[in-house]
Amino acid sequence: MNQAGRVAPEYNEKERSRMKLYFKPTSPYARKVRVVAVEAGLIYRITTDEPPLRDASTEFWRVNPTGMIPALITDDGDVVVESNVICEYIDTLNLGHKLFPSVPVQRWRALKLNSLADSVIGAHVTRVRENWRPEATRDAKMIELEKNRVTSVLDALEADDLIDDPLNIGHVTLGCALSVSDRRFPKEDWRSSHPRLAKWYEAFNKRESMTSTYAE
Ligand SMILES: N[C@@H](CCC(=O)N[C@@H](CS)C(=O)NCC(=O)O)C(=O)O
């Protein structure tokens, strides 16, 4: 029987005890996974592959029915998709400080920060894609809306104390989101209107997990 997202068993024979991450160096969603793997001390157990995207005829789509990155093949040969799920999977293997807290109040705060930061990545990605279209066909209203969404979320985070919590998945996602801000929209100064976030990011961005996963 074909199970959705189940890879061929021969993969597991060849690659026993190694996980495989399908990614692109510039994907912020895939970077979340790599940052978590470094923070968890598990990056050495992960091999990587850069699959062709947007082609349903490829081997990648056979392995991963969504055709999206990131996707992780576990050392049991299962495929796990969607960055948050992959991050949590890796965190279950993490013997050190957990990035997905188990205490409900802390967990909720971490997930809340994570979802807000994820919405910043989503807004950036939508805007970047819109900007790739020929100028005459771009949706200016959508570009403006996504820009406002980013500002709105950063304003909310600036006014909150979520970033002061012990390191969690929300910080990882926020770090990756702000990195997209700088890389894709370098002329937009988010720092002067969000000094608390700027200070936090300056320190966070120096972590080995961030420096070792940065891609131009
Ligand atoms: N919500 C997903 C989003 C993943 C995503 O949007 N990945 C993009 C690359 S950044 C992708 O695979 N695009 C290929 C496609 O759209 O077919 C996650 O968090 O993993």
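Helix H6 covers residues 140-158, and in this predicted model its length can be checked with simple arithmetic: 19 residues at 1.5 Å a residue should span 27 Å, and the end C-alpha atoms are indeed 27 Å apart. Four residues of H6 are buried, namely Glu146, Val150, Leu154 and Leu157. Looking down the axis of H6, these buried residues fall within an arc of 70 degrees, so they line one face of the helix. Turned away from that buried side is a face with the exposed residues Ala140, Lys141, Glu144, Asn148 and Ala156. And what do the buried residues of H6 pack against? Their partners are helix H5 (104-132) and helix H8 (195-204).

Helix H5 deserves the same treatment. Its 29 residues should span 42 Å at 1.5 Å a residue, and its end C-alpha atoms are 41 Å apart, which agrees. The buried residues of H5 include Leu113, Leu116, Val120 and Ile121, and charged side chains appear in the buried set too, among them Arg109, Asp118 and Arg127. The cover over the buried residues of H5 includes H2, H4, H6 and helix H7 (169-184).

Here are the two helices side by side.

| Helix | Residues in helix | Expected span | Distance between end C-alpha atoms |
|---|---|---|---|
| H6 | 19 | 27 Å | 27 Å |
| H5 | 29 | 42 Å | 41 Å |

Now to the domains. The protein is divided into domain 1 (9-92) and domain 2 (104-209), and the centres of the two, taken over C-alpha atoms, are separated by 23 Å. Where they meet, ten residues of domain 1 are in contact with eleven residues of domain 2. On the side of domain 1 that touches domain 2, the elements giving two or more residues are helix H2 (28-39) and helix H4 (83-92). H2 provides the largest share of that side, eight residues. By type, the residues of this side of domain 1 divide into six nonpolar, one polar and three charged.

The ligand is another place to linger. Around it are Ser27, Tyr29, Leu53, Arg54, Gly67, Met68, Ile69, Pro70, Glu82 and Ser83. This shell divides into five nonpolar, three polar and two charged residues.

Several residues of the shell also have backbone features worth a look. The peptide bond from Ile69 to Pro70 is cis, with omega near 0 degrees, and Pro70 is found in the loop between H3 and strand E3 (71-73). Arg54 has a phi near 60 degrees, a positive value in a residue other than glycine. Arg54 belongs to the loop between E2 and H3, and is it buried or exposed? With 8 C-beta neighbours inside 10 Å, Arg54 counts as exposed. Glu82, also not a glycine, has a positive phi of about 85 degrees. Glu82 is found in the loop between strand E4 (79-81) and H4, and with 14 C-beta neighbours inside 10 Å it counts as partly exposed.

Finally, consider Pro52, found in the loop between strand E2 (46-49) and helix H3 (59-63). Because Pro52 has 11 C-beta neighbours inside 10 Å, it counts as exposed. Leaving aside residues up to four places away in sequence, Pro52 touches Thr58 and Phe60. Pro52 and Phe23 are 29 residues apart in sequence, while their C-alpha atoms are 9.9 Å apart in space.

Notes
Residues numbered from 1 in each chain as written. Predicted model: local features only at pLDDT ≥ 70, side-chain atom pairs only at ≥ 80, totals over all residues. Expected span 1.5 Å × (residues − 1). Buried ≥ 20, exposed ≤ 12 C-beta atoms within 10 Å, placed from the backbone. Arc of directions from axis to C-beta. Contact = placed C-beta atoms within 7 Å. Near = placed C-beta within 6 Å. Domains from an automatic or database assignment.
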